[in-house]
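User: Please take a close look at a single helix in this model. Tell me how it sits among its surroundings.

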Amino acid sequence: MNTETMAAKPPHAQLLQVQVRYVAKAKPFEDRMAPETTLSSLKSKVLEFFGLTEGNVGGGTKNYNFVYNETTVTDLSLTLASLAGSEREIKLKLVEQLTQG
Amino acid sequence: MATSLELDLFEVQLGEVAKLPNASRWKIQREKVVPLGLLVTMHPASNPADLYQARLRWNGDLFGPFSLQFINPETGADREASAWPNCAGFSPTAFVACIHITEEGHRLHPEWRANPATRFPETDTPVTFAIEAVQTILDTSYQGRHP
């Protein structure tokens, strides 16, 4: 294995354990992901996992947000590492943005 | 009228609620008069001392919009604006949480049901979903108790 290959694939121990719960579904999204993974990238995978579509849906707009430690995270350029700090696992919630009357 | 299937699922779901990470934050009581009804004492993450008693009732379909009211825990009164938190979509003086997951919201906006973007989300965990959704609203949009 050359050094380039090693750099492209972080060792298993460096990966973060990621869990995302969508409150409408019983089974959470779980994966081991590189610390530099952005929330934007994670969100794509999570929406696909739960079978959700964001944006224009049936003439209206549907959006989903991550919640981390009871705070909505809107900056999707953040990396998993920047949220997790020294922790090796990160747990997020996916919530549907409210439609208000 | 709740079906036997809904009643059975309701019981199962209550067991699931107790296993949630947030479960220690809630005091949950069954309603005596409504089979699919709960009283949930909860607080916003930002203000743990601000306790609210949410009354959740599934008057129609357990998998559909639920009624959400905030009641006075001392008297049980459900028409007191001061029992309500100020949160996104809530109108405490009208006693309405006008959001797309509540029965009250859909009553005011029947057009929501026909639109995929605003209809009630598909869920296989209706009770945990309802409690967690209300908790998330409290955690992310709380602006204090209504006077």
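Analyst: What follows is a walk along one helix of chain A, with a short look at chain B afterwards. Keep in mind that this is a predicted model.

Start with the length. Helix α2 of chain A covers residues 39-50. At 1.5 Å a residue, its 12 residues should span 16 Å, and the end C-alpha atoms are 16 Å apart, so the two values agree.

Now look at which residues are hidden. The buried residues of α2(A) are A:Leu39, A:Leu42, A:Lys43, A:Val46, A:Leu47 and A:Phe50. Around the axis they cover an arc of only 130°, so they lie on the same side of α2(A).

What does that buried set pack against? Its partners in chain A are the strands β1 (16-22), β2 (29-33), β5 (64-68), β6 (71-73) and β7 (89-96), together with helix α3 (80-84).

Then check where the helix stops. Just after α2(A) comes A:Gly51, with a positive phi of about 70°.

Chain B offers a helix pair to set beside this. The axes of α1(B) (residues 4-17) and α3(B) (residues 126-141) come within 8 Å and cross at roughly 50°. The two helices are therefore oblique to each other. On the α1(B) side, the meeting residues are B:Leu9, B:Phe10, B:Gln13, B:Leu14, B:Glu16 and B:Val17. On the α3(B) side, they are B:Pro126, B:Val127, B:Thr128 and B:Ile131. By class, this contact has seven nonpolar, two polar and one charged residues.

Methods: Residues are numbered from 1 along each chain as its sequence is written. Chains are lettered from A and ligands numbered from 1 in the order in which they are written. This is a predicted model: local features need pLDDT of at least 70, side-chain atom pairs count only at pLDDT 80 or more; totals for chains, interfaces and linings use all residues. Side-chain values use heavy atoms; hydrogens and water are left out. Axes are lines fitted to C-alpha atoms, for helices over the stretch in contact, and angles run from 0 to 180 degrees between N-to-C directions. Helices (H or I, at least four residues) and strands (E, at least two) are DSSP runs, numbered from the N terminus. Angles under 35 degrees count as roughly parallel, over 145 as roughly antiparallel, 65 to 115 as roughly perpendicular and the rest as oblique. Contact means heavy atoms within 4.5 Å. Ala, Val, Leu, Ile, Met, Phe, Trp, Tyr, Cys and Pro count as nonpolar, Asp, Glu, Lys and Arg as charged, and the others, Gly among them, as polar. The expected span of a helix is 1.5 Å times one less than its number of residues. Buried means under 20% relative accessible area, exposed over 50%, partly exposed in between (1.4 Å probe, protein chains only). The arc is that of the directions from the helix axis to the C-beta atoms.
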